[in-house]
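How does one start reading an unfamiliar protein model? The dialogue below takes one feature at a time.

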Amino acid sequence: GLTVVRTAFTGKVSAGNTVGGIGGVCCSVTDCFVSGTVQSLNVLSNSTGGTGGVVSAAKGDVQRCVVAASRVSGTNNSSFSTAGIISKRNGNTPSAKNCVMIASLLQDGGKTILGSTSNLSADNNYWYGVKYLNETDYVSDETVQDGTAFAQAPTQADFEAMEYDFTNVWKWNAEKGYPELAAAGCAENVK
């Protein structure tokens, strides 16, 4: 299937349902960065998906993705929640691995990593500095949906331990305290 690699989204995307920073109903995603507003406006119980910071309804694995300085919002329902990385699955049994939600706002009742655990798995995911939309601190129920909280502000070494490539793919933004893609956007000769 399709894999989205080394892609950044910085802006605002808003739609009725099934909204993701990189994709709505989407593929595998590797080494991607999201910083902006990702919002579902009308998520119904029979919707394909809700809001996912990276992907709403994943068909493939999501690896080494960062959602930073973002606002991720939408309706939670009994089947899935708004989530920092993946809201729910759409076929297959995808996983989130080595992903981080950092310095972001999340829908009240949402989850930092997975909006559902139905045929989704997660491994080695983290969060730091996440608050609900009402500005209260995120409260983890310490499930796979949440990942693990960094005890203190993460460093480049923490991301290197999660297999982030700072030679070819990522660069550390010391001022903001998180990684960004080293090359994002169009080259000047392509614009």
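A learner and a teacher now go through this predicted model.

Q: What does the secondary structure of the protein chain come to?
A: Counting the elements is a common start. Here the protein chain has one helix and 21 strands.

Q: How compact is the protein chain for its length?
A: One sets the radius of gyration beside the value that the globule rule gives. The radius is 15 Å and the rule gives 16 Å for 191 residues, so the chain is as compact as a globular protein of that length. Along its principal axes, the C-alpha trace spans about 45 × 40 × 30 Å.

Q: Which contacts link residues 24 or more positions apart, and what share do they account for?
A: Such residues account for 73% of the contacts in the protein chain that have a separation of 6 or more.

Q: How are the five strands of the open sheet ordered?
A: A sheet is read strand by strand. The order here is β3-β7-β11-β15-β18, with parallel pairing. At the edges are β3 (12–15) and β18 (131–132), each of which pairs on one side only. Inside the sheet, three bridges join β7 to β11 (residues 71–73). Gln39 has Ser73 in β11 as its bridge partner.

Q: Where do nonpolar side chains tend to be in soluble globular proteins?
A: They tend to be buried together. In this model, the largest nonpolar core has 30 residues, and Ile22, Val29, Val54, Val62, Ile85 and Ile86 have the most contacts inside it. The elements giving two or more residues to this core are β6, β9 (55–58) and β10 (62–68). A second, separate core has 15 residues, including Ile102, Phe150, Phe166 and Leu181.

Q: What is Ile22 in contact with, leaving aside neighbours within four places in sequence?
A: The contacts of Ile22 include Val4, Phe9, Val29, Phe33 and Val54.

Q: Is Ser35 buried or exposed?
A: Buried means a relative accessible area under 20%. Ser35 has 17%, so Ser35 counts as buried. Ser35 lies in the loop between β6 (28–34) and β7 (37–40). The side chain of Ser35 reaches the backbone oxygen of Ala68 at 3.0 Å. Beyond four places in sequence, Ser35 touches Phe9, Thr10, Gly11, Ala68, Ala69 and Ser70.

Q: Which backbone oxygen does the side chain of Ser56 reach?
A: The side chain of Ser56 reaches that of Gly50, at 2.8 Å. Ser56 is found in strand β9 and is buried, with a relative accessible area of 0%.

Q: How much of the protein chain counts as buried, and how much area is exposed?
A: Of the 191 residues, 50% count as buried. The chain exposes about 8500 Å², and carbon and sulfur atoms supply 44% of that area.

Notes:
Residues are numbered from 1 along each chain as its sequence is written. This is a predicted model: local features need pLDDT of at least 70, side-chain atom pairs count only at pLDDT 80 or more; totals for chains, interfaces and linings use all residues. Side-chain values use heavy atoms; hydrogens and water are left out. Helices (H or I, at least four residues) and strands (E, at least two) are DSSP runs, numbered from the N terminus. Buried means under 20% relative accessible area, exposed over 50%, partly exposed in between (1.4 Å probe, protein chains only). A polar contact is a pair of N or O atoms within 3.5 Å; within protein, one must be able to donate a hydrogen and the other to accept it, and residues adjacent in sequence count only if both atoms are side-chain atoms. Contact means heavy atoms within 4.5 Å. A nonpolar core is a set of buried Ala, Val, Leu, Ile, Met, Phe, Trp, Tyr and Cys residues joined through side-chain atoms within 4.5 Å. Two strands pair if DSSP finds at least two bridges between them. The radius of gyration is taken over C-alpha atoms; the globule rule is 2.2 Å times the number of residues to the power 0.38. Accessible areas come from the Shrake-Rupley method with a 1.4 Å probe; for residues, only the protein chains shown count as cover.
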